[in-house]
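Trainee: Hi! I've got a new structure open and would love a hand finding my way around.
Mentor: Happy to help, let's look together.

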Amino acid sequence: MSRIKLNIQNPFNSPTEDYETFDQIDGSHPLKKKVPESVVEYKARYRDGGKVAAFNFDLAKEIGLLDEDHPDKLSKSLSKKILDTFSIMIINEYDEIVGKKFPEDQIKPNTYMATRYLQLQHPNKQGKTSGDGRSIWNGQVKHKGKVYDISSCGTGATCLSPATHLYGRYFESGDPSISYGCGYSEVDEGFSTLFFSEIFEKNKIGTERLLAVIEFPNKISINVRVHQNLIRPSHMFNHLKQGNHEALTKMVDYHIAREKRNKIWKEVPKGQQKYDYFLNKECEIFSDLVARFESDYIFCWLDWDGDNILMDGSVIDFGSIRQFGLFHHEYRFDDVSRFSTSIKEQKHKAKYCIQTFAQLVDYVKTGKRKPLKDFNNHQILKKFDKVFEDKSLEYFVTKIGFNSKDTKYLLKSKRKEVLSFYKTFCYFERYKSLHGLHEVGDGINWDAIYCMRDLLRELPQLYLSRGENIKKSEFIEIARSSYATDPDVALTNYKSKKIKDFQESYWKLINLVSKSSKKSQEKILLEISMRSSIVNKFDRVTGDSITTIVNKILGQRPKLSPVEIQKILRDFSEYQNMDPDTKDYQNRHAKQGRLMKGMLKIVRDYREGL
Amino acid sequence: MKLVFYGGGFEEYNIELDLEAIRLSGKKRPKVTYIPSCSYGLEADFKAFSDHYRDLGVKQIMYFPIDLPFDRVLEREIQSSDIIHLSGGNTFYFLNHLRKKKWLSKLKTFVGDGGVLTGLSAGGILMTPDIKTASYPSFDCDENEDRIRNFEALNLVEFEFFPHYRNSKRYNEVLTKESKKIKNRSLFASPDGSGLVVEGSRISFIGRNYLFLNGVKHYIKEQTRLIQ
């Protein structure tokens with residue numbers, strides 16, 4: 001039994017009925033004028049038959065679409081407003097050619113843009129034909145000094161879809177003869193993005209966020225996404241590859257201005273120097289990003305096209321995102337014609353993007369496009385390596401459970417010791433099964449076998465209790481995952497030495513912090529133990545678990561209303577918040593409902609997987 | 001046998017009972033383990049528990065979520081604690097997982113070997129013969145979502161324990177009625193911040209406690225006496 005602290009909303013608060021804030025989302029976007037070469041404009045019409053399957057009330061409040069005291073209530077007027085604003089379909093080239101007629105009152109007054117960007121899966125490798133194949137940008141929202149871009153996926157087939165160029169003709173939106181390229185998206189995609197992105201957001205991993213899922217018959221949907229700036233590197237790389245100096249410069253200028261406007265970049269110099277600032281910022285963003293991805297076992301198919309990621313390092317398009325339970329660094333997604341990159345290769349791809357940015361900035365500044373290989377030894381690449389190592393160490397120390405003050409101290413004053421420990425840590429983290437490379441559901445993998453999160457969670461407790469090292473056999477027993485066989489974990493002389501090194505390094509850091517902070521070892525270990533229980537929580541979602549959870553939630557509908565989905569989303573993303581500094585500690589004796597129980601079981605079942 | 005029953009409430013209301021638990025351990029700085037009834041929301045509860053015990057001078061504090069898989073290394077270590085605290089929460093869920101993980105017998109052994117077992121609310125109920133008191137009154141009881149049928153608990157004492165007691169008519173009616181059903185067995189009711197300390201054959205009452213026996217309610221002053 002427990003006594004619960006209740007946090008009840010005032011039921012007499014009635015929602016604002018006009019929702020005028022939505023009216024600013026009407027297709028208008030400055031990019032149309034600033035970089036017309038980057039957009040294809042479409043007329044659009046209202047699309048009948050949609051209903052709101054999910055609505056992110058928290059996000060809507062954050063960007064000012066709803067008042068902060070708006071209750072989680074999807075009234076008829078709110079639902080109508082969401083549909084009026086976002087339930088749209090473009091009138092595309094196919095519609096124009098066949099002369100389709102639509103009632104005048106259903107046609108939106110403004111045009112909506114699809115943007116052009118580079119995509120490696122397109123036949124044209126300069127980005128002349130690629131970009132938003134099934135999305136349009138709804139416009140912008142301004143709130144509290146910030147500007148947010150809003151776009152929707154599943155609003156019809158554009159001329160930038162791969163199908164158009166593979167088959168050499170325009171397609172009707174929803175054409176059943178093609179799947180990738182028909183211009184539709186699906187409900188499960190929307191829900192996966194909704195849940196995954198909110199978990200990332202809680203854990204301060206940059207991400208697009210989902211505002212709404214509008215559902216239509218046959219499981220198709222429009223998924224509405226929001227971010228402060230939806231520009232990707234590939235929005236610039238296409239102009240670079242095409243040698244379009246003017247368009248490229250305009251796009252870079254546009255991006256810099258947006259980051260300034262949103263106060264994300266605060267000290268942008270004037271004149272040509274702003275491009276150097278831009279390059280340095282992108283270097284910091286991308287090196288930090290891949291260090292974080294490695295640390296958190298996040299698989300994101302980064303490649304030379306600069307797609308799948310936003311300029312600020314935020315994740316976009318969760319279709320190619322995974323979060324692994326162990327460091328499965330040999331996993332590759334099988335995309336029929338090729339295999340994806342692996343987690344470890346993400347760093348090289350990110351570095352390649354930075355080299356491309358160096359080429360890009362030089363081109364913008366000089367007007368002459370030099371070959372990419374001329375930038376093989378650019379000083380920015382050295383900076384990339386340095387920031388990558390710094391950030392990798394920082395994430396490692398944080399993962400152990402040290403607080404930010406102690407982390408800063410260790411990185412600044414005891415880097416050698418941290419680096420030495422990190423190398424030993426990586427030995428176990430990257431250790432692979434004797435089973436070798438094999439096929440998995442959607443690709444190939446060579447299983448990692450040690451669950452370092454379990455080790456980091458339990459070790460401080462055991463050290464606190466015993467005040468000394470644990471036995472080697474105990475070390476293995478804690479760290480071995482379900483992927484490990486007895487031969488995998490057999491103790492060799494070298495492995496034994498590594499276990500000894502690991503424990504010595506751990507104690508060394510504890511002692512150093514204890515000495516510098518003048519706190520006892522026990523006090524340090526207790527704090528680490530508490531923080532590590534959150535950072536290295538047993539139940540951590542993986543890509544597979546998100547997919548299964550989404551199927552479970554979809555199976556509960558239509559009984560599950562958007563308001564109930566919002567509550568589950570809020571509870572679940574907070575449950576997956578692994579940041580001890582932002583964790584909601586007020587929510588004592590939280591109760592888990594039946595559905596949440598089922599979701600947690602799924603998380604547990606898939607916790608070591610892909 | 002060393003047991004502490006907490007009626008409920010947040011840490012700041014239970015300092016006296018905590019100090020009793022530390023005293024019973026015979027150590028100034030005992031090794032304490034926190035077993036939450038459920039891993040969901042564990043972090044907030046463990047942090048509060050840990051912060052509180054740290055203020056009382058305890059530094060070796062571990063946690064052991066019973067509803068999650070665990071390895072034998074940690075399991076053995078937990079058994080070497082001086083104090084094990086069973087948290088509040090859903091009594092049925094808690095019992096179900098303690099039984100599934102074969103920890104009922106381990107806790108009995110722990111107590112038999114001289115360890116101090118403490119329990120708040122659901123944790124306290126678990127130390128009694130069975131967990132029936134979690135199923136009433138209908139207006140304030142735990143849901144048996146896991147539909148467990150075997151209510152037998154640790155059976156470390158002969159009395160029954162009712163936490164979060166409120167001295168009101170509707171509570172009294174239910175407890176009076178229930179105490180009649182268990183003939184001659186004591187049913188102790190403790191409000192938040194109150195509780196019982198069992199040390200061998202003696203029982204102490206901290207704060208305001210009540211006894212329901214054969215349909216009659218008795219107020220118990222703070223005192224120590226032999227368990228009857």
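**A walk through the two chains**

Mentor: Let's begin with chain B, in what is a predicted model. Its radius of gyration is 16 Å, and a compact globule of 228 residues would come near 17 Å, so chain B agrees with that expectation.

Trainee: What does the C-alpha trace of chain B span along its principal axes?
Mentor: About 45 × 40 × 30 Å.

Trainee: And how many helices and strands does chain B have?
Mentor: Seven helices and 12 strands. Of its 228 residues, 49% count as buried.

Trainee: Okay, over to chain A. How does its radius of gyration fit the globule idea?
Mentor: Chain A has 610 residues, for which a compact globule would have a radius of gyration near 25 Å; the value for chain A is 25 Å, so the two agree. Its C-alpha trace spans about 80 × 65 × 50 Å along the principal axes.

Trainee: What is chain A built from, helices and strands?
Mentor: There are 21 helices and 14 strands in chain A. Buried residues account for 49% of its 610 residues. If you take contacts in chain A between residues at least 6 apart in sequence, 74% of them join residues at least 24 apart.

Trainee: Now the bit where they meet. How many residues of each chain are in contact?
Mentor: On the chain A side 28 residues are in contact with 35 residues of chain B. In chain A, α14 (452-466), α15 (472-479), α18 (521-535) and α21 (594-605) each supply at least two residues of the side touching chain B.

Trainee: Which of those gives the most?
Mentor: That is α18(A), with six residues. As for the kinds of residue on the side of chain A that touches chain B, 12 are nonpolar, seven polar and nine charged.

Trainee: Changing topic: I clicked on Arg29(B). Where is it found?
Mentor: Arg29(B) sits in the loop between α1 (15-25) and β2 (31-35) of chain B.

Trainee: Why does Arg29(B) count as partly exposed?
Mentor: Because Arg29(B) has 14 C-beta neighbours inside 10 Å, while a buried residue needs 20 or more and an exposed one has 12 or fewer.

Trainee: What is Arg29(B) in contact with, leaving aside neighbours within four places in sequence?
Mentor: Gly57(B), Val58(B), Lys59(B) and Gln60(B).

Trainee: And how far is Arg29(B) from Arg72(B)?
Mentor: Their C-alpha atoms are separated by 25 Å, with their positions 43 residues apart along the chain.

How values were computed: Residues are numbered from 1 along each chain as its sequence is written. Chains are lettered from A and ligands numbered from 1 in the order in which they are written. This is a predicted model: local features need pLDDT of at least 70, side-chain atom pairs count only at pLDDT 80 or more; totals for chains, interfaces and linings use all residues. Two residues are in contact if their C-beta atoms, placed from the backbone, lie within 7 Å. Helices (H or I, at least four residues) and strands (E, at least two) are DSSP runs, numbered from the N terminus. Ala, Val, Leu, Ile, Met, Phe, Trp, Tyr, Cys and Pro count as nonpolar, Asp, Glu, Lys and Arg as charged, and the others, Gly among them, as polar. The radius of gyration is taken over C-alpha atoms; the globule rule is 2.2 Å times the number of residues to the power 0.38.
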